[in-house]
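This report walks through one protein chain, from its overall layout to two of its helices, a pocket and a few single residues. Please keep the sequence and the structure in view while reading.

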Amino acid sequence: MANPYAGEVSLTLDGRRHVLKLTLGALAELEAQLGDDTLIALITRFESGKFASRDVLALVVAGLRGGGWSGDARDLMQVEIAGGPLEAARVAAQLLIGAFGAPEDEGTRGENGTV
């Protein structure tokens with residue numbers, strides 16, 4: 001079961017549920033794959049709704065790898081994703097929110113705004 005408070009999201013591939021998370025290692029792999037592109041540029045594309053399918057693929061693979069999956073993009077391209085490309089895009093966006101989004105509960109913040 002995915003824990004959204006830990007930045008986890010679930011996705012079903014070929015009928016099997018997987019937990020995805022953007023760990024530090026997964027983010028490092030994602031940055032290496034992006035090359036000259038940056039995580040900030042990737043986030044900006046998602047915020048503006050101008051992301052590409054390659055962005056979704058890269059984020060989902062990174063999240064799966066952070067969740068312990070040992071596959072790669074070629075493997076992901078061969079599976080049936082429950083909910084299709086739209087669900088994959090939703091999961092990719094949730095991964096970014098889980099990794100970089102601000103805490104939702106303002107009651108957990110200290111006087112200077114820190115958690």
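## Overall layout

In the protein chain, 57% of the contacts between residues at least 6 apart in sequence join residues that are at least 24 apart. The model is predicted, and its chain holds five helices and two strands, which follow one another along the sequence in the pattern β-β-α-α-α-α-α. Of the 115 residues in the chain, 34% count as buried.

## Helix α5

Helix α5 is made of 17 residues and spans 25 Å from its first C-alpha to its last, a value close to the 24 Å expected at 1.5 Å a residue. Its buried residues are Gly84, Ala88, Ala89, Val91, Ala92, Leu95 and Leu96. These residues lie on the same side of α5, because they cover an arc of only 165 degrees around the axis. An α-helix has 3.6 residues a turn, so residues three or four places apart point the same way.

As for the partners of this buried side, the buried residues of α5 pack against the two strands β1 (9-13) and β2 (16-20), and also against the helices α2 (39-48) and α3.

## Helix α2

In helix α2, the residues that count as buried are Leu39, Leu42, Ile43, Arg45 and Phe46. Their arc around the axis is only 155 degrees, which means that they sit on the same side of α2. Ile40 and Glu47, in contrast, are exposed on the other side of the helix. The buried residues of α2 pack against α1 (24-34), α3 and α5, and just after the end of α2, Gly49 adopts a positive phi of about 75 degrees.

Arg45, which belongs to helix α2, has a charged side chain, yet this residue counts as buried because its relative accessibility is 18%, under the cut-off of 20%. Leaving aside residues up to four places away in sequence, Arg45 touches Asp37, Lys50, Phe51 and Asp55.

## The second largest pocket

The second largest pocket encloses about 210 Å³ of space, and its lining consists of Phe51, Ser53, Val56, Leu57, Val60, Leu76, Val79, Ile81, Gly84, Pro85, Ala88 and Ala89. Helices α3 (53-66) and α5 (84-100) each contribute at least two residues to this lining. By residue class, the lining divides into 10 nonpolar residues, two polar ones and no charged ones.

Gly84, Ala88 and Ala89 appear in this lining, and these residues are also among the buried residues of α5.

## Two further residues

Is His18 buried or exposed? His18, which is found in strand β2, is buried, because its relative accessible area is 11%, which is under the 20% cut-off. Not counting residues up to four places away in sequence, His18 is in contact with Val9, Ser10, Leu11, Leu13, Leu64 and Trp69.

Met77 is located in the loop between α4 (73-76) and α5, and this residue counts as exposed because its relative accessibility is 58%, over the cut-off of 50%. Met77 and Leu57 are 20 residues apart in sequence, and their C-alpha atoms are 8.5 Å apart in space. Leu57 is itself one of the residues that line the second largest pocket.

Technical notes:
Residues numbered from 1 in each chain as written. Predicted model: local features only at pLDDT ≥ 70, side-chain atom pairs only at ≥ 80, totals over all residues. Heavy atoms only, no water. 1 Å grid on protein atoms, 1.4 Å probe; cavity = no way out; pocket = protein on both sides within 12 Å on 5 of 7 lines; lining within 4 Å. Points joined across faces, edges and corners; volume = space filled by probe spheres on them. Helix = DSSP H or I, 4+ residues; strand = E, 2+ residues; numbered from the N terminus. Expected span 1.5 Å × (residues − 1). Buried < 20%, exposed > 50% of the residue type's maximum accessible area, 1.4 Å probe, protein only. Arc of directions from axis to C-beta. Contact = heavy atoms within 4.5 Å.
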